[in-house]
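Q: I would like a close look at one part of this model, the packing of its nonpolar side chains, followed by a short tour of what lies around that part. Please give the cut-offs as you go.

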Amino acid sequence: MGEQPIFTTRAHVFQIDPSTKKNWVPASKQAVTVSYFYDSTRNSYRIISVDGAKVIINSTITPNMTFTKTSQKFGQWADSRANTVFGLGFPSEQQLTKFAEKFQEVKEAAKLARDRSQEKIETSSNHSQTSFAAKMKREMQETPSVRLCVVLQESGRETPSSTRASSVNGTDDEKASHGGPAEAHLKSENDKLKIALAQSSSNVKKWETELQTLRESNARLSTALQESAASIEHWKKQFSACKEENDQLRSKIEELEEQCNEINKEKERNAQLSRRLQELETELQDKELELEELRKQGEIIPELMSECESVSEQLQAAEKKNKDLEEKVRTLRTEVEESKHRQTNLKTELKNFLDVLDGKIDELHDFRQGLSKLGVDN
């Protein structure tokens, strides 16, 4: 079946600035589709996002990855294979929560798939080691003398020609002539051969494990190459279809934009005409009010004329009264000046009278003192 989408959402995509490792760089001009894909053949999960013809996210999820919420609507994760950090800005907190939960679910699934693959590798390795050990044991049982000689040659050990001849091509007479020392020497050589056989079997196990690992890696790589080729063809087809659909949508958008521009222009014209109409209506109302005021003022003019004539008559009478009052003021001023002059004269005469009175009082006082002295003398 290949890769199939299992979860899709929309978000703004960001990548960390490779130079500063601090600032976020927008990878998309607007919100794009971000999807989880599951590959059943390789049992792997990926996050993929495409902006037009550009792939902006292609991140394979591993059990070591962690999705971190840095705010209510923003989350991020690090991809060591791509050597970058991806960031997603969501329209709402609920969408961010759903994406994070799906990330955790996919991460657990990837971990489970990795554990299963490791168990399969260990099982196949143990099986290959067991079969190889059984095979070596059967061969050693079938031809012990020849196998021992071969192992000795491979391990770089040299045996005496007499011992090798006796162990391989010896007769009963020669065995009897050699006796006990030869058997002891053979036992020691057999022990050495067993040690060399154990070392060689361990090396063979290691080589067998490495060979099996390389075979499995090659098989996975070939499978992955075939799958990637198939997925590339699939994506090429999807890309061409999306490109055609995108071109159609762009043409429709351009047509709609032109229609919207025309509608906006008509709306602006209508708005200008409505504003001009309101201004004219306001001016007309103002003119009507001014005309009504002028009519009212025209009705008041005769009354104002009569009032003006009466006011002018009153003014003339007031002027006459003012002239009479001015003459009275002049006479009063003259009388006041004359009264002031008379008052000055009276003050002078009163002062002279007071001076004379003071002198008379002094004389009277002197006369009283003289009388009092005369009374005392008598």
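A: The answer starts with the packing, moves on to a few single residues, and ends with charged pairs and the surface.

A word on conventions before we begin. Residues are numbered from 1 along each chain as its sequence is written, and side-chain values use heavy atoms, with hydrogens and water left out. The model is predicted, so local features need pLDDT of at least 70 and side-chain atom pairs count only at pLDDT 80 or more, while totals for chains, interfaces and linings use all residues.

Let's start with the largest nonpolar core. A nonpolar core is a set of buried Ala, Val, Leu, Ile, Met, Phe, Trp, Tyr and Cys residues joined through side-chain atoms within 4.5 Å. Buried means under 20% relative accessible area, exposed means over 50%, and partly exposed is in between (1.4 Å probe, protein chains only). The largest core has 23 residues, and the members that touch the most others are Val13, Ile47, Ile57, Trp77, Leu88, Phe99 and Phe103. At least two core residues come from each of strands S1 (3–16), S3 (32–39), S4 (44–51), S5 (54–60) and S8 (84–89), and also from helix H1 (93–142). The biggest contributor is H1, which gives six residues. These helices (H or I, at least four residues) and strands (E, at least two) are DSSP runs, numbered from the N terminus.

Phe99 is a good residue on which to zoom in. Contact here means heavy atoms within 4.5 Å. Setting aside residues up to four places away in sequence, Phe99 touches Phe7, Thr9, Val34, Tyr36, Ile47, Phe67, Trp77, Leu88 and Phe90. Three of those names, Ile47, Trp77 and Leu88, are also on the list of core members that touch the most others.

Ala100 belongs to helix H1. With a relative accessible area of 16%, Ala100 is buried. Again leaving out residues up to four places away, Ala100 touches Phe67 and Lys69. Thr68 is 32 residues from Ala100 along the chain, yet their C-alpha atoms are separated by 8.0 Å.

Now for a charged residue in one of the strands that feed the core: Arg46 is found in strand S4. Despite its charged side chain, Arg46 counts as buried, because its relative accessibility is 13%. Its side chain makes a polar contact of 2.5 Å with the side chain of Glu3, and another, of 2.8 Å, with that of Asn58. A polar contact is a pair of N or O atoms within 3.5 Å; within protein, one must be able to donate a hydrogen and the other to accept it, and residues adjacent in sequence count only if both atoms are side-chain atoms. Beyond four places in sequence, the residues in contact with Arg46 are Glu3, Ser35, Tyr36, Phe37, Asn58, Ser59, Thr60 and Trp235.

The loops offer two backbone details. Asn43 sits in the loop between S3 and S4. Its phi is positive, about 55°, although Asn43 is not a glycine. At 32% relative accessibility, Asn43 is partly exposed. Lys21 is in the loop between S1 and strand S2 (24–26), and its phi, also positive, is near 60°. Lys21 is partly exposed too, at 48%.

On to the salt bridges, each a side-chain nitrogen of Lys or Arg within 4 Å of a carboxyl oxygen of Asp or Glu. The model has six of them. One joins Asp39 and Arg42, with the closest N and O atoms 3.0 Å apart. Asp39 is buried at 3%, whereas Arg42 is partly exposed at 39%. Another links Glu266 and Arg269 at 3.1 Å, N to O. These two residues lie in helix H5 (residues 180–377), three residues apart, about one turn of the helix. Glu292 and Arg295 form a further bridge, with a closest N to O distance of 4.0 Å. Since they are three residues apart in H5, about one helical turn separates them. Glu292 is partly exposed at 38%, while Arg295 is exposed at 52%.

Finally, Leu350, Phe353, Leu354, Leu357 and Ile361 make a nonpolar surface patch of about 470 Å². Patches are made of residues with over 30% relative accessible area and no salt bridge; like charges are joined within 9 Å, and nonpolar side chains (Val, Leu, Ile, Met, Phe, Trp, Tyr) within 5 Å. Accessible areas come from the Shrake-Rupley method with a 1.4 Å probe, and for residues only the protein chains shown count as cover. Leu357, one of the patch residues, is found in helix H5 and is partly exposed at 36%.
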